[in-house]
Amino acid sequence: MPRKNMAAASLVSAKRWSVVLGLAVAFAFTSIPLALNTASAHHGWPTFDTSRLVYIAGTVSSEGVWGNPHSEFDVKLDASLPPDTPELPIPEELQHPEDSVRVNRALAYDGSLGELEIVIAPPAWSGRWGLDRPLRVGERFQAVGYINRSDEGLFRPVVFSYGDNATPVNQVLGNTLPERAPLPD
């Protein structure tokens, strides 16, 4: 191939690569926010049934993942739960009567699963609210929160307590529930 044709072919090849690289970069920048929105939606309050607070209790059954955007672990539920929430310490942030009454009146989980995946705030937030370390397998866990609308095995607490001392930990930004649903009968 003559030298002039080789140079032209190289130029075309370089242009193709720049177009391919440009498309790859554009795809990456449009896909990353979409992926982040999907992760956020999976764990955000709107994906949970906030019309009904549920009480759960059991023991941590996995080491889980501790980090951002949320920490996640499994809890093996007690074989029998009381019909409603036993008296638990409520974090100061949720002591407003509109919230604390709802937390205390949550009905026990009545689903068919013996284990739930728990999604809590990342360590930076949970650390500010009373949990300064990952929970340990076998540790006592009680919570009031919501079941995911599309995955009944996923639970997001608004408040939980851990350990033998039932240390309370707030899980809502600010000081109100995501939704003040009607009180159960």
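A residue is taken here as buried when its relative accessible area is under 20%, as exposed when that value is over 50%, and as partly exposed in between. The structure described is a predicted model, and by this scale W66, at 24% relative accessibility, counts as partly exposed. Buried residues make up 37% of the 185 residues in the chain. The surface that the chain exposes amounts to about 10,700 Å², of which carbon and sulfur atoms supply 58%.

The chain contains 3 helices and 7 strands, and these elements follow one another from the N terminus in the order α-β-β-α-β-β-α-β-β-β. Among the contacts in the chain with a separation of 6 or more, 73% are accounted for by residues 24 or more positions apart. Individual pairs of side chains, considered below, illustrate how such elements are connected in the model.

Aromatic side chains were examined next. The structure holds 6 aromatic pairs, and one of them is formed by W66 and F73, whose rings are stacked with 5.3 Å from centre to centre and 10 degrees between the planes. Whereas W66 is partly exposed at 24%, F73 is buried, with a relative accessible area of 1%. F73 also pairs with F141, in this case edge-to-face, the centres being 5.4 Å apart and the planes at 80 degrees to each other. This second pair links distant parts of the chain, since F73 belongs to strand β2 and F141 to strand β5, 68 residues apart. F141 is likewise buried, with a relative accessible area of 0%. W66, F73 and F141 belong, together with F160 and Y162, to one aromatic cluster.

Two further aromatic rings are accompanied by arginine side chains. R128 lies over the face of W125, at a distance of 4.4 Å from the ring centre, and the charged end of R156 sits over the ring of W45, 4.1 Å from the centre of that ring.

Charged pairs were considered in turn. Side chains of opposite charge can pair when their charged atoms come close. The structure holds 5 salt bridges, including one between D78 and R140, in which the closest N and O atoms are 2.9 Å apart. D78 lies in the loop between β2 (71-77) and α2 (97-104), while R140 lies in strand β5 (residues 140-147), so the pair ties together parts that are 62 residues apart in sequence. Both partners are reached by the probe to some degree: D78 is partly exposed, with a relative accessible area of 26%, and R140 is partly exposed as well, with a value of 28%. Strand β5 therefore takes part in two of the links described, through R140 in the salt bridge with D78 and through F141 in the aromatic pair with F73.

Another salt bridge joins R102 and E98, with 3.4 Å from N to O. These two residues both lie in helix α2, 4 residues apart, which corresponds to about one turn of the helix. Their accessibilities fall into separate classes, because R102 is buried, with a relative accessible area of 15%, whereas E98 is partly exposed, with a relative accessible area of 36%. In a further salt bridge, the side chains of R133 and E139 meet at 2.5 Å, again from N to O. Here the acidic partner, E139, is buried, with a relative accessible area of 10%, and R133 is partly exposed, with a relative accessible area of 23%.

Finally, the surroundings of S126 were inspected. S126 has its place in helix α3 (residues 123-129), and at 2% relative accessibility S126 counts as buried. When residues up to four places away in sequence are not counted, S126 touches I120, A121, L131, V169 and Q171. With Q171, the side chain of S126 makes a polar contact, side chain to side chain, at 3.3 Å.

Conventions:
Residues are numbered from 1 along each chain as its sequence is written. This is a predicted model: local features need pLDDT of at least 70, side-chain atom pairs count only at pLDDT 80 or more; totals for chains, interfaces and linings use all residues. Side-chain values use heavy atoms; hydrogens and water are left out. Buried means under 20% relative accessible area, exposed over 50%, partly exposed in between (1.4 Å probe, protein chains only). Contact means heavy atoms within 4.5 Å. Accessible areas come from the Shrake-Rupley method with a 1.4 Å probe; for residues, only the protein chains shown count as cover. A polar contact is a pair of N or O atoms within 3.5 Å; within protein, one must be able to donate a hydrogen and the other to accept it, and residues adjacent in sequence count only if both atoms are side-chain atoms. A salt bridge is a side-chain nitrogen of Lys or Arg within 4 Å of a carboxyl oxygen of Asp or Glu. Rings of Phe, Tyr and Trp (its six-membered ring) pair if their centres lie within 6.5 Å; planes under 30 degrees apart count as stacked, over 60 as edge-to-face and the rest as tilted. A charge sits over a ring if NZ of Lys or CZ of Arg is within 6 Å of the ring centre and within 35 degrees of the ring normal.
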